[in-house]
Amino acid sequence: MSQSSFMLNSKIAEVIKNINKVIVGKEDAVILSMVALLAKGHVLLEDVPGVGKTMLVRTLAKSMNCEFRRIQFTPDLLPSDVTGVSIYNPKTTEFEFRPGPILGNIVLADEINRTSPKTQSSLLEGMEEANITVDGRTVPLKHPFFVMATQNPIEYEGTYPLPEAQLDRFLLKLKMGYPSYQEEMEMLARTSGTHPIDSLDPVMTLEELAQAQESVREVYVDRTIEQYIVSLTSATREHPDVYLGVSPRGSMALMKAAKAYAYIYDRDYTVPDDVQYVARFVLPHRLILTSEANFEGKTADDIIEELIEATRVPVQRNVSE
Amino acid sequence: MKKLLLSLIYIGGFFLLLEWLWPLGILTNTQNAGVFYLYAAFCFFLAFMQVRWYIAVPLKLLGLIFVLDGLFIPERIFSSGWWSILYEQLMFNAEAVWAQEWWDFTAFFRSLLFLVLLWLVSYLLHYWLVIARKALFFIILTFIYITVIDTFTPYEAQGAIIRTFILAAFVLGLLQLEKEVSDDRKEIKWKTAILALVPLVCAVLLAVAAGAALPKFSPQWPDPVPYLENVTGGAGTGGGEGGVQKVGYGENDSRLGGAFVQDDTLVFQAIVEDRQYWRAESKDQYTGKGWEDTLEEPVTGRDPGDIGYSLFEEGVETDPSQGFIDFTEEADFGKLLYPYGMTAIGNLENPLEIELHTQTGEMETRSGGDAVQPASYSFDYGAPAFDLRQLREASGEDPVSVREKYLQLPSSVTERTKELASDVVSEYGNRYDKAKAVESYFSSNGFEYSTTDVEVPEGDEDYVDQFVFETKKGYCDNYSTSMVVMLRAEGIPARWVKGFTGGEIKETDAELFGENLNAYDITSANAHSWVEVYFPDVGWVPFEPTQGFTNNADFTSGTDTDSGEPERSEESPEVEAPDQQQEGNPQQIGEEEGAEGSAENGRGEGFLRNLLWWIVPAVILVLPAVMYVTRLRWLSWYHGRRLAKNETPDSFQAAYRHLLVVLDKKVQKRGEGETLRTYAKAIDHRFETVDMQHLTTQYERLVYRKEQRLQRAGLSELWENLIKKALS
């Protein structure tokens, strides 16, 4: 799904160009990370280790001069290891807050399903509320705040899969996938000397990012597009293979993502194409399929694809308006 | 496989074209129609084989020349004489073209034009079916053509319409199959082809079977032709087999009934003292639907100067006179027409052999075994004056030969017909009065003279029963046949006679053999049928049961003068055109007929009114159909004009949406979930442009951004480009 024929927003284009110095290929993943960042959402990356998840986030952080933090989730990780802890300072005779890794701009939460639900929820709460509570103290999170959590789909032994209700805290769920033969060759060539990330310069300031996020909020969504979004999400609730359809939060997420996507392509209005594109990443993880459908080997991706094809795209304004 | 499919479609198209050509062979005097079919097939074959034009054109030309040579040029082909004939023909017709005297075209030139037309049609059909892959328009045209031909000519299209239906269903089905195959761009396999064809064949067969099995409404609207006929009025003996007939003298009377077309073509001119009925033949066997005759071996070798044949016995008083008859080309029945009492024929321009059928009184003229119509001849005749007393008192036995033949009745004749016959004649004791009673029965009792609204008996319905009891509307055939049947039911030998009435007087002092006689014009509309009743010792006496006509024969009262009858009969026989007669008998005429018969203007109005009945629904039906079929084009024109005139968001949006419809119909379907952008890309990819994407971006801004004005000008140009590409 390349939209190269449409113009990118010039600032975003610069960021993407910067990222592409390090990341080979993965245009979708790069664009969608930007979508999530601009829409103030978070991303769940589901993939095997070693395909460049960490590198993507680090590059993103470095391009924007953000503070990058990483949490490696392990079964024995405690919530305080995520949020930070208050330590008694004998000099000042006061408890002093030592901020945890969640208080960064861009946080990579690696293998989030390997830790206990208690620790998971400390992160998820932060993602939802934009602040955390430590020792009865409310600490606001940094701005911008962007979490990219990863999940290893292979090793389920001793993991705590995220409950469905938690999953829809993530705006998008992505897969990186393996690079192509050429891309992998290119990767080897690039990293044979010094790693390109070491020489990466920031191209966007935090203020510019905040401004961009503000612009995204202002992207115009016409009633026809709103109708289209609702038609799509409500169709998931009526699909016979779906046990639990997309919630209204899903509709809002879809609209936010579509706005960000439109902004990336330098438009101040959304078109159905935006909705269709982001729906493939916004909606699937919000569905629970029936056990029959699972048994038949259907995936949520298939169902969303099917619904996109079958839902009528609005091509004209209603006469009544 | 694909090739085979196309060839099947194309062959289907050829047979559809043949449906256009058949009626030509039947209706027109086109000789050797087969040659034209062959030439059409030849052109089709060449077009189908996709022979290169520089081979195909000379081949077709050569074929054309061979056809013309075979038909018209006796000289050896390509000899100098041949060339000079060709040159003369072409020059003559070129002059006719130049002078716009189209009627001067020779048969040679008309055939040439027709062949060229076939050539063009084969090309056109090849384009329609094989290149454009569209047949519906042609098929609709074919149906219209066949129905029109069926309605307005004697051509019987019942078979044609069924054949066309089957052909059309197959051609359309195959085209659809072919289209689907070519859309998928994959080679079709035999198995799938057969799987697709079996349902097609079944569906067509089922449709035909269902069509044949289902009960059919009789026509809900009156036949349009009788209205045409109404304008001029007229009567006649129709030929043909039911349905609409063309008025005139016909050979086949096996199925009578139905309305007919008026035809005022002059058939012959007669110079005689006064109006005569012109007898041609009689028929003896009533079938329940019409008349057949049992022809016996004709008597040949009669001397035209002394026919030696009379319909009545020598005792009947006659009034000797002479006459002359002059046929036009319209007359081609190969028979002599003669007045009652003809004794001799003269001045036959070429020696013709006369074959006399004594049973029917039919005198066929032959030359070397072929029926030939004499151009003109003179004759001696003695118009009979039947003695009423003799007729009333005629009491001898009918000869066996007469009883055998002329009392025949088929089983279809109903009991009520017989009962009615016996009721009508019950008061009378003698044969003449009985015949007279039956004859005059039809002049009242609710019978109505009509040539328009005349039914044809269906199924096992009897022609006479239908007329006498059901419809009570008809023309000479109905009246005369009914009278014969009723008389026969009463045991009176009678027969059905065909010929012409006396026609219209043209000249009052035409000179013939030194005498001043009258000249009469007799047209096809004067074709007529009447009745002859057999009286022992007298012979066959004509009767005239048809409303509006009076008996041609004289009856003398003799000594019996108390009956009022002779007075009328004594008058010189007046035969008038039915519409004139109807003026005199207004009480017998229906409202409609009265209005038409009263005056030319009234008639015209009635005709117009009736025509409106046909034109208005036709327009109402056809116009929307035409508008609908051509909607993409005229809507495109409309939107194009509107956009070009004023590029506003409104006009642009309407035009863009129309473009979407056209593209969807003609170029590529847009899926439900396909966005305008992806669709525009696909279209641009197909047309190798970027116009659609430009238009789409503009349209998106209007719809999804709610913009109130256009971002750029020149949209109508892009739009025109696309719509042209889409419609081509």
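**Exercise 1. Find which strands helix H2 of chain A lies across, and its angle to S9(A).**

Solution. Start with residues 27-38 of chain A, which form helix H2 in this predicted model. Follow the helix over the strands: it lies across S1, S8 and S9 of chain A. Now compare directions, and you get about 160° between H2 and S9(A).

**Exercise 2. Work out the strand order of the sheet in chain A, and say which strands stand at the edges.**

Solution. First, read off the order: S2-S5-S8-S1-S9, an open sheet of five strands with parallel pairing. Next, look at the ends. Strand S2 (68-72) and strand S9 (172-174) of chain A each have a single partner strand, so one side of each has no neighbour in the sheet. Then check the twist: ignoring direction, neighbouring strands are turned by 20° against each other on average. Finally, zoom in on one pair. S1 (residues 43-46) and S8 (residues 146-151) of chain A run parallel and share four bridges. Leu44(A) sits opposite Ala149(A) in S8(A).

**Exercise 3. Describe the side of chain A that touches chain B.**

Solution. Count residues first: chain A brings 19 and chain B brings 13. On chain A, helices H9 (223-238), H11 (272-282) and H13 (300-310) each supply at least two of them. Sort chain A's side by character and you get nine nonpolar, five polar and five charged.

**Exercise 4. Find where confidence is lowest and highest in chain B.**

Solution. Begin with the average: mean pLDDT is 78, with 84% of residues at 70 or more. Helix H18 (residues 591-598) of chain B is lowest, at a mean of 38, while helix H22 (residues 676-687) of chain B is highest, at 92. Also note residues 560-603 of chain B, where pLDDT stays under 50. Where pLDDT is low, don't read the predicted coordinates in detail.

Key
Residues numbered from 1 in each chain as written. Chains lettered and ligands numbered in written order. Predicted model: local features only at pLDDT ≥ 70, side-chain atom pairs only at ≥ 80, totals over all residues. pLDDT = per-residue confidence, 0-100. Helix = DSSP H or I, 4+ residues; strand = E, 2+ residues; numbered from the N terminus. Contact = placed C-beta atoms within 7 Å. Nonpolar A, V, L, I, M, F, W, Y, C, P; charged D, E, K, R; others polar. Pairing = 2+ DSSP bridges. Axes fitted to C-alpha atoms, helices over the stretch in contact; angles between N-to-C directions.
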